[in-house]
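Biologist: I would like a close look at a single part of this model, its largest pocket. Please take me through its lining and then set it in the context of the chain around it.

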Amino acid sequence: MPAKKNKKTSKIPFWEKPLKDLSRSEWERLCDGCGRCCLIKLEDDDTGAIYPTSVCCQLLDQNTGLCGNYATRRKYVPDCVRLTLKKLENIRWLPPTCAYVLRYADNPLPPWHPLISGDPESVFRAGVSVRGRIEADEREVDIDDLPDFIRLWPKRWPKKARW
């Protein structure tokens with residue numbers, strides 16, 4: 001006799017499944033498109049502290065907060081990180097609002113996440129997106145000037161985004 005399927009677990013939205021159980025397509029759709037991971041970060045060599053800046057990757061579309069060439073981004077930005085579950089375990093620079101960080105800790109997605117709200121603009125309205133907050137792209141700023149662009153907001157939960 002075939003085993004009965006548990007209707008409750010088979011009907012859960014993919015974003016509530018453990019990250020290890022997501023297909024590649026589901027993994028990609030989990031991204032909220034905030035663009036915070038595409039900000040240039042500085043690491044203190046002595047302390048290991050990570051400092052996000054308001055300077056973005058050259059491929060980030062500042063009007064949308066999305067990568068302007070996602071499929072072939074590593075051709076233009078060789079050190080762009082392809083996020084995987086294994087890498088997620090060791091990456092300390094993702095923002096606390098990141099869906100991957102939240103789901104890795106078995107936390108739910110926030111109401112403003114497009115998978116929950118059904119609206120990609122909800123990320124911007126919640127104040128999570130980098131859209132309108134970027135001061136320059138990496139081609140416009142000398143590496144020695146990057147410390148002048150360190151900002152705290154990429155590491156924080158915006159007040160409008162808290163639930």
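Modeller: What follows begins with the pocket and then moves outward to the chain.

This is a predicted model, in which local features need pLDDT of at least 70 and side-chain atom pairs count only at pLDDT 80 or more, while totals for chains, interfaces and linings use all residues. Residues are numbered from 1 along each chain as its sequence is written, and side-chain values use heavy atoms, with hydrogens and water left out.

The largest pocket holds about 1,000 Å³ of space. A pocket here is an open set of points on a 1 Å grid over the protein atoms alone, where a 1.4 Å probe fits and protein lies on both sides within 12 Å along at least five of seven lines; lining residues have an atom within 4 Å of a point. Grid points are joined across faces, edges and corners, and the volume is the space filled by probe spheres set on the points. The lining comprises 41 residues, and those nearest the centre of the pocket are Cys 37, Cys 38, Cys 80, Val 81 and Trp 93.

Helices H2 (24-29), H3 (73-76) and H5 (99-104), together with strands S1 (39-43) and S4 (66-67), each give at least two residues to this lining; helices (H or I, at least four residues) and strands (E, at least two) are DSSP runs numbered from the N terminus. S1 makes the largest contribution, with five residues. By class, the lining has 27 nonpolar, ten charged and four polar residues, where Ala, Val, Leu, Ile, Met, Phe, Trp, Tyr, Cys and Pro count as nonpolar, Asp, Glu, Lys and Arg as charged, and the others, Gly among them, as polar.

S1 also belongs to an open sheet of three strands, ordered S1-S2-S5, with mixed pairing. Because S1 and S5 (136-137) stand at the edges with a single partner strand each, one side of each has no neighbour in the sheet. Strand S2 (residues 50-56) pairs with S5 in the parallel sense over two bridges, two being the minimum number of DSSP bridges for a pair, and Val 55 stands opposite Ala 136 in S5.

Two residues give a view of the elements around H2 and H3. Glu 26 has its place in helix H2 and is buried, at a relative accessible area of 15%; buried means under 20%, exposed over 50%, and partly exposed in between, with a 1.4 Å probe and protein chains only. Leaving out residues up to four places away in sequence, Glu 26 touches Phe 14, Lys 17 and Asp 21, contact meaning heavy atoms within 4.5 Å. Leu 83, in the loop between H3 and helix H4 (85-88), is likewise buried, at 16%. Beyond its neighbours within four places in sequence, Leu 83 has contacts that include Arg 24, Trp 27 and Tyr 100, and although Trp 27 is 56 residues away along the chain, the two C-alpha atoms are separated by 9.4 Å.

For the chain as a whole, there are seven helices and five strands. Buried residues make up 37% of its 163 residues, and among contacts with a separation of 6 or more, 60% join residues 24 or more positions apart. The C-alpha atoms fill a box of roughly 70 × 30 × 30 Å along the principal axes.
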